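Hello,

Here is the structure I promised to hand over. My notes on what turned up follow below it.

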Amino acid sequence: MKPRPPTLRPDWRYVLARIAPSYRVPDGKTLYLAIAEAVTALFGDGGAPAIDQAVVAVERGHVIVRCRRGEEERLIAALATITAIDGCAIAIHPRAVSGTIRSLRDRMVAPPEPVLVGEDADGGTVRQRFRIGASRSDVIVHDYKGERVVYFGTIDFEE
Amino acid sequence: MRTDVRTLAGGDTSVERMALEAGALGYGAIVSVGGTAGTVGRVRVIPGVTVRAASPNRAMAEIRRAPEGAFVTVRLGDPGFNRAAAGLPGVHALCGVHRCRKNAFDHVAARTAAERGTAVELLLEPLVRERGGRRQVAISRYADVVELHARYGFPLVLGSGASSCLDLRAPRAVRALCQLFGLDAESVERALGAVEGLLAPGGPVREVE
């Protein structure tokens, strides 16, 4: 198939978004399906093709999503409506929009790796405590209900 | 200073962590309903009180019980209550407009809110969490409020309704979501920064039509 000449190709824009929590980054296909569902739910079958989104890369706790030029805001709105993927709570926070993937890669700052600082078991409940960077602490609780996360801060709360 | 006017204490996230995450997203303050006043890093935590009452008298009694310095919101209900609630002293914002019947927050309530400097809170949670009819109703109610806001000039405030730090939304995402009901970027910035003015009114007297 012969490629289209450059003047006939669509203009793309790329949205860089941070995935939270950073240790629950899904794979590209799962993320693509979640974004497609969110876009269709928000803008319908008529609006989704105009956005024409695609997941370009998932790396270092971030995702780069492609869309047509002029549709960035609608894509960002759809990304904001994603609250869970595969039953796990997740958030996608937009960070930057650009016309090139390279400039977005330059802006990527990898989130700190979670470090396991403690684990205890009580009956059928297992608690794992992770420290993330200097000021965040997550406790992942595994029990008969499944898995849930409790989020703490570790810096002082000044009254 | 950008402020998220509705985060809920008592969920899976501590108030400290909520403030930290809000700060990382670009907020300078959060209103924590059920939380206590304080500062985490550079983020100010403002305690919030939501009043749910069947009548204006009962609402007034609850407003009087609110701690000093708290951001007080009254949940909207039927049209008569809304008109009275917009004029109650000590109320900073009216919330729950997406749960009201169509036109329950009408032009009389809007004018009263503008005269008293009472804001209307637009919660992003129904736009983020709901799907289908409920989200459409919320967008429709918010579009109606934005129309009244353009006509009467009462303040708007924006809240995420987050009980988990994953429910917070970045200001950029808030701007994109607000475009769904016709609130432009400039108005969004004004709404995000309106809380300080509501908590400490004292500017020059403004004439309202």
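Domain bounds, as used here, come from an automatic or database domain assignment. For chain A of this predicted model, that assignment gives domain 1 (10-107) and domain 2 (114-153). Taken over C-alpha atoms, the centres of domain 1 of chain A and domain 2 of chain A are 28 Å apart.

Secondary structure next. Chain A has three helices and 10 strands. Read from the N terminus, their order is β-α-β-β-α-β-β-β-α-β-β-β-β. Chain A is more spread out than a compact globule, because its radius of gyration is 19 Å, well over the 15 Å that the globule rule gives for 159 residues. Along the principal axes, the C-alpha atoms of chain A fill a box of roughly 65 × 40 × 30 Å.

On packing: 28% of the 159 residues of chain A count as buried. Take the contacts in chain A between residues at least 6 apart in sequence. Of these, 52% join residues at least 24 apart.

Now confidence. The average pLDDT of chain A is 91. A score of at least 70 is reached by 97% of the residues. Where is confidence lowest in chain A, and where is it highest? The low end is strand 10 (residues 146-153) of chain A, with a mean of 86. The high end is helix 2 (residues 72-80) of chain A, at 97. By the bounds above, domain 2 of chain A runs over 114-153, and domain 1 of chain A over 10-107.

Best wishes

How values were computed
Residues are numbered from 1 along each chain as its sequence is written. Chains are lettered from A and ligands numbered from 1 in the order in which they are written. This is a predicted model: local features need pLDDT of at least 70, side-chain atom pairs count only at pLDDT 80 or more; totals for chains, interfaces and linings use all residues. Helices (H or I, at least four residues) and strands (E, at least two) are DSSP runs, numbered from the N terminus. The radius of gyration is taken over C-alpha atoms; the globule rule is 2.2 Å times the number of residues to the power 0.38. A residue is buried if 20 or more other C-beta atoms lie within 10 Å of its own, exposed if 12 or fewer, and partly exposed in between; C-beta atoms are placed from the backbone. Two residues are in contact if their C-beta atoms, placed from the backbone, lie within 7 Å. pLDDT is the predictor's confidence in each residue, from 0 to 100.
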